[in-house]
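Work through the exercises below with the sequence and the structure side by side. Try each task before you read its solution.

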Amino acid sequence: MERARKAVGHFVMNAGLNLHDRSAPGTAKVEGNSSTSPAESSTSVASAKVVPQKIAPKKQASSKAVRAKTEPVPEYEALGLRYDPSQLPIVQTLDPTQVDYSEEVYAASVVHGRSVHQPFFHPRTHDIPVANIHFRSHHVKLLNLFTHFATHAASSLGIPTSKVVPLPTQRTLWTVLRSPFAHKKSQENFDRKVHKRAVKAWDADPEVVQRWIAYLRAHAMAGVGMRVTTWERLPLGVGSRNIKTGDDNAENKNLNAPKEILKLGKQIIKNEASGAPSRK
């Protein structure tokens with residue numbers, strides 16, 4: 001009987017230590033002591049399980065709810081901004097083949113070599129042309145650099161533009177004599193090439209377009225010429241408004257035209273009736 005009691009006590013001690021070793025993850029681990037009983041070790045494990053898992057999440061949820069109620073609206077959101085200016089720029093990867101991002105996200109993100117990449121081309125809204133710029137130069141590298149600069153400037157101002165369109169190269173050829181008299185058949189050819197590019201803009205305010213053109217002229221590149229064509233549109237009802245709001249001192253003939261025609265017709269009929277011979 002004594003041997004059986006010792007075996008049962010040894011089994012219970014090992015079971016208590018195994019329960020302590022198999023404690024749940026994230027609980028505090030209690031060092032095993034041979035002087036403590038299995039009941040004491042099991043109670044210490046149970047108390048370690050209760051404290052960190054049940055109380056902490058409730059405190060975090062309550063603090064978030066209080067913070068959401070008492071936190072004021074940031075100034076940048078009140079101004080209609082999407083991002084906090086103090087936390088810009090944002091470090092993120094932008095891939096147009098995977099995610100369709102907006103110009104605001106593109107401008108707020110860190111894009112290494114931004115000036116080397118193509119600008120963000122704004123979509124058209126009404127397809128109303130407002131400007132057309134032709135660039136001309138004898139040097140292709142300078143022409144490509146300045147057109148790239150112009151499209152980036154338009155993208156920063158929010159002007160929907162087309163991509164840089166290459167136009168046919170204009171070539172002029174001259175044939176000159178190398179020496180006169182007997183060596184007339186010896187001639188030399190010279191040519192001049194004018195490379196051309198075009199950028200068209202749509203759906204922009206005339207004032208914004210004028211600022212874009214003024215910016216390009218202020219930063220004009222030597223060796224590159226520009227020819228700008230702009231279209232300005234008047235609002236609807238301009239003709240009728242000009243007719244109604246005429247000079248008070250001068251008589252508006254357009255308003256009195258129907259009355260004058262009617263008056264003239266009556267006078268013609270009266271003259272014909274008075275001057276016609278009477279029939280007997």
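Buried means under 20% relative accessible area, exposed means over 50%, and partly exposed lies in between. Keep in mind that this is a predicted model.

**Exercise 1. Take stock of the chain.**
Task: Find how many helices and strands the protein chain has, and in what order they come.

Solution.
- Step 1. Count the elements. The protein chain has 9 helices and 4 strands.
- Step 2. Read along the sequence. The pattern is α-α-α-α-α-β-α-β-β-α-β-α-α.
- Step 3. Check burial. Of the 280 residues in the protein chain, 18% are buried.
- Step 4. Look at contacts between residues at least 6 apart in sequence. Among these, 63% join residues at least 24 apart.

**Exercise 2. Place His-122.**
Task: Decide whether His-122 is buried or exposed, and list what lies around it.

Solution.
- Step 1. Locate the residue. His-122 sits in the loop between helix 5 (103-108) and strand 1 (129-137).
- Step 2. Apply the cut-off. His-122 has 15% relative accessibility, so it counts as buried.
- Step 3. Look for a polar partner. A polar atom of the His-122 side chain is 2.9 Å from the backbone oxygen of Ser-155.
- Step 4. List the contacts, setting aside neighbours within four places in sequence. His-122 touches Glu-103, Ser-155, Gly-158, Ile-159 and Pro-160.

**Exercise 3. Describe the largest nonpolar core.**
Task: Find which residues of the largest nonpolar core touch the most other members, and which element gives the most residues.

Solution.
- Step 1. Recall a general point. In soluble globular proteins, nonpolar side chains tend to be buried together.
- Step 2. Pick out the best-connected members. The core has 18 residues, and those touching the most other members are Val-130, Phe-135, Ile-159, Ala-201, Val-209, Trp-212 and Leu-216.
- Step 3. Trace the elements. Strand 1, helix 6 (140-156), strand 3 (187-202) and helix 7 (206-218) each supply at least two residues of this core.
- Step 4. Name the top contributor. Helix 6 gives the most, with 5 residues.
- Step 5. Zoom in on one member. Not counting residues up to four places away in sequence, Leu-216 touches Ile-133, Phe-146, Phe-149, Ala-150, Ala-153 and Met-226.

**Exercise 4. Analyse a helix pair.**
Task: Work out how helix 6 and helix 7 cross, and which residues make the contact.

Solution.
- Step 1. Choose the descriptors. Two packed helices are described by the angle between their axes and the distance between the axes.
- Step 2. Read both values. The axes of helix 6 and helix 7 come within 10 Å, and they cross at roughly 145°.
- Step 3. Assign the hand. The crossing of helix 6 and helix 7 is right-handed.
- Step 4. List the contact residues. Helix 6 brings Phe-146, Phe-149, Ala-150, Ala-153 and Ala-154, while helix 7 brings Trp-212, Tyr-215 and Leu-216.
- Step 5. Sort them by class. The contact has 8 nonpolar residues, no polar ones and no charged ones.

**Exercise 5. Check the backbone around Pro-89.**
Task: Find which peptide bond is cis here, and what Pro-89 touches.

Solution.
- Step 1. Inspect omega. From Leu-88 to Pro-89 the peptide bond is cis, with omega near 0°.
- Step 2. Place the proline. Pro-89 is in the loop between helix 4 (75-78) and helix 5.
- Step 3. Find its contacts, leaving aside neighbours within four places in sequence. They are Ala-108, Ser-109 and Val-110.
- Step 4. Compare sequence and space. Pro-89 and Ser-109 are 20 residues apart in sequence, and their C-alpha atoms are 5.3 Å apart.
- Step 5. Turn to Gln-87. This residue also lies in the loop between helix 4 and helix 5. Its relative accessible area is 60%, so Gln-87 is exposed.

**Exercise 6. Examine positive phi values.**
Task: State what phi is at Asp-127 and at Asp-203, and where each residue lies.

Solution.
- Step 1. Start with Asp-127. Its phi is positive, about 60°, although the residue is not a glycine. Asp-127 lies in the loop between helix 5 and strand 1.
- Step 2. Go on to Asp-203. Its phi is near 50°, again positive in a residue other than glycine. Asp-203 lies in the loop between strand 3 and helix 7.
- Step 3. Test burial. Asp-203 has 19% relative accessibility, so it counts as buried.

Key: Residues numbered from 1 in each chain as written. Predicted model: local features only at pLDDT ≥ 70, side-chain atom pairs only at ≥ 80, totals over all residues. Heavy atoms only, no water. Buried < 20%, exposed > 50% of the residue type's maximum accessible area, 1.4 Å probe, protein only. Polar contact = N/O pair within 3.5 Å; in protein donor to acceptor, adjacent residues only side chain to side chain. Contact = heavy atoms within 4.5 Å. Core = buried A, V, L, I, M, F, W, Y, C linked by side-chain atoms within 4.5 Å. Axes fitted to C-alpha atoms, helices over the stretch in contact; angles between N-to-C directions. Left-handed = near helix turned anticlockwise from the far one by under 90°. Nonpolar A, V, L, I, M, F, W, Y, C, P; charged D, E, K, R; others polar.
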